[in-house]
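User: Hey, can you walk me through this one? I'd like to go over the contacts and the surface.

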Amino acid sequence: MACGFINHHHCHYLFSVQANYCFTSNNCSLNSSVPPSKCLMKCPNGYNNPIRFRTTPKASADENPSTAGKKPKSRVAIDREPNPLSILHRLREEFKPGGLGMDILSIALPAALALAADPITSLIDTGFVGHLGSAELAAVGVSGAVFNLVSKLFNVPLLNITTSFVAEEQALAVKQTAEDQKSKIFLPSVSNAIVLALVLGILEAVALSTGSGFLMNTMGIPVDSPMRMPAEQFLTLRAFGAPPIVVALAAQGTFRGFKDTKTPLYAVGAGNLVNAILDPILIFSFGLGIGGAAVATVISEYLTAIILVWKLNDEVLLIAPSIGGKRVVQYLKSGALLTGRTIAVITTTTLATSMAAKGGPTQMAGYQICFEIWLALSLLNDALALAGQTLLASDYSQGNYDLARQVTYKVLQVGLIMGVALAVILFLGFGALSSLFSTDSEVLEIARSGTLFVAGSQPMNAIAFVLDGLYYGVSDFGFAAYSMVLVGFISSAFIVLTAPTFGLAGVWGGLFLFMALRVLAGLLRLSSRSGPWKLLNPDSEEENS
């Protein structure tokens, strides 16, 4: 911020600037011949938080004998004016247009709506298929579980990796091509992600379509079961939607890296709307039954992918002159780490569900209500984690460690506030909410017994998900994976030991421990200030420069 210094021998100057102007670029320095007015360049990752700076003239020490001989700490000092409404003032400044808080919300809110679109569409599908019969409804449930498992293991890691890599490359590319705003930019990560997504999607389609029978056997569905044939039919047809799903996720990761979560929202919304319109037409009017539901879903997935790729083509060059082998290796390595992490999460939650199921159908039904509400709220936390990941990746890749620190602390602060708010809301309204899922008094009694867990764990959940986003923002995939494996092992052991004696209390305790250990591991990682987390050191930016 050297250009903010006004070299006048006897006068003090007080001026206000917006934090989205960079004073460290364009070769600005104290001895530079560039006028201060030319130094005010738009910062690609800055935030419009008003900061007041007081400049101190070089000769001020001479005029004040008490400071003579003392080395001034800084030429630019923050002007802190007392304000009785400082808390409200800070909130207003943070969440006004251009503030860091508003940047987080502008990314998180559309992302949350996009994440919620798929579950809502699944509920609509379930409603239509449910009119065909219980066997068809059960078949969709089993097939959907298999498809979602594959998506979590392979597709979601690609999405998270693409978001981080694209955010890094896009931030650097903007600096290099700032003078030519109209030209498309070439980001190798985008090309690599699309190619890998297409290959992965084709492999998934072949595996799911040809192995549907084997997968049904793995799920424990006997050949003579009335749901076996419709389940295989649904899964085989749904498999043709694997390529567009993975390509669309790679494109969503790219837009997220651009800090654009509105375009994916519109594309996903359009696809899901078409799905909802086609469902009754294909299922009932054309008489395709459960096959019609699968075809409607596949058509909507291709529409979503086409919209995203079409819009992406307006931003970047999708035809790469060559595929970067080094970046592909990074994708595969990071993908393997996050796949291992996902396996640890699925293993722990599946074990908890299986232990709850041993208590009988009534206990399992009550547990399922609590667990589904618990998972549904994770969409909000995921969206906040995405905002932190995108902003942090952009600032960190450019070496803007001061802004990266602000993002880290601010997103953790917002996560904690959101977690506490959700805890209060659930604690007060969980009874009424759970009654929407069942009218069985015994089931509702069991569900309400989990109120303390579902509500009390929300602050932990929010911080845990935010920490995940921060890991991905600095590509700290190794720690994210290895720590999750250790946390999952400890939590699973706790559930195995306590659930037989304490029942659901042991299961709830194990899941709470699972989230608490994730938070503990994350805070220890950040406090170590090692590896990529050296950015939390106040002097890290000076060392980098």
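Analyst: Sure, one cut-off before we start: a charge sits over a ring if NZ of Lys or CZ of Arg is within 6 Å of the ring centre and within 35 degrees of the ring normal. By that rule, the charged end of Arg238 sits over the ring of Phe147, 4.1 Å from its centre. Arg518 has its charged end over the ring of Phe465, 5.4 Å from the centre.

User: And what am I looking at, and how are the residues numbered?

Analyst: This is a predicted model, where local features need pLDDT of at least 70 and side-chain atom pairs count only at pLDDT 80 or more, while totals for chains, interfaces and linings use all residues. Residues are numbered from 1 along each chain as its sequence is written, and side-chain values use heavy atoms, with hydrogens and water left out.

User: OK, salt bridges. How many are there in the whole structure?

Analyst: A search of the whole structure finds 6 salt bridges. The criterion is a side-chain nitrogen of Lys or Arg within 4 Å of a carboxyl oxygen of Asp or Glu.

User: Which residue does Arg341 meet in a salt bridge?

Analyst: Asp468, at 2.6 Å from N to O. Arg341 lies in helix H11 and Asp468 in helix H16 (residues 458-473), so the pair ties together parts that are 127 residues apart in sequence. Helices here are DSSP runs (H or I, at least four residues; strands are E, at least two), numbered from the N terminus.

User: You mentioned Arg518 earlier. Which residue does Arg518 form a salt bridge with?

Analyst: Asp468 again, with the closest N and O atoms 2.5 Å apart. That pair links distant parts of the chain, since Arg518 is in helix H18 (residues 504-528) and Asp468 in helix H16, 50 residues apart.

User: Buried or exposed, that Asp468?

Analyst: Asp468 is buried, with a relative accessible area of 9%. Arg518 is buried at 10%, and Arg341 is buried too. Buried means under 20% relative accessible area, exposed over 50% and partly exposed in between (1.4 Å probe, protein chains only).

User: Got another salt bridge for me?

Analyst: Asp476 forms one with Arg525, and their closest N and O atoms are 2.9 Å apart. This pair also links distant parts of the chain: Asp476 is in the loop between H16 and helix H17 (477-502), and Arg525 is in helix H18, 49 residues apart. Both Asp476 and Arg525 are buried. As for networks, salt bridges that share partners join Arg341, Asp468 and Arg518 into one.

User: Switching to aromatics. How many pairs does the structure hold?

Analyst: There are 11 aromatic pairs. Rings of Phe, Tyr and Trp (its six-membered ring) pair if their centres lie within 6.5 Å; planes under 30 degrees apart count as stacked, over 60 as edge-to-face and the rest as tilted. Take Phe165 and Tyr331: their ring centres are 5.1 Å apart and the planes are at 75°, so the pair is edge-to-face.

User: Where do those two sit?

Analyst: Phe165 is in helix H4 (residues 134-176) and Tyr331 in helix H11 (residues 325-357), so to speak distant parts of the chain, 166 residues apart. Phe165 counts as buried at 4% relative accessibility, and Tyr331 does at 3%.

User: Which residues do ring pairs link into a cluster?

Analyst: Tyr367, Phe371, Trp374, Phe453 and Trp508.

User: Now the surface. Which residues make the nonpolar patch?

Analyst: Leu416, Val420, Val424, Phe427, Leu428 and Leu452 make a nonpolar surface patch of about 650 Å². Patches take residues with over 30% relative accessible area and no salt bridge, joining like charges within 9 Å and nonpolar side chains (Val, Leu, Ile, Met, Phe, Trp, Tyr) within 5 Å. The areas come from the Shrake-Rupley method with a 1.4 Å probe; for residues, only the protein chains shown count as cover. Helix H13 (residues 401-434) gives the most to the patch, with 5 residues. Phe427 is in H13 and counts as exposed at 56% relative accessibility.

User: Last thing, what about backbone oddities?

Analyst: Lys259 has a phi near 65°, a positive value in a residue other than glycine. Lys259 lies in the loop between helix H8 (242-257) and helix H9 (262-285), and counts as partly exposed at 26% relative accessibility. Ser475 also has a positive phi, near 55°. Ser475 is found in the loop between H16 and H17 and is partly exposed at 27%.
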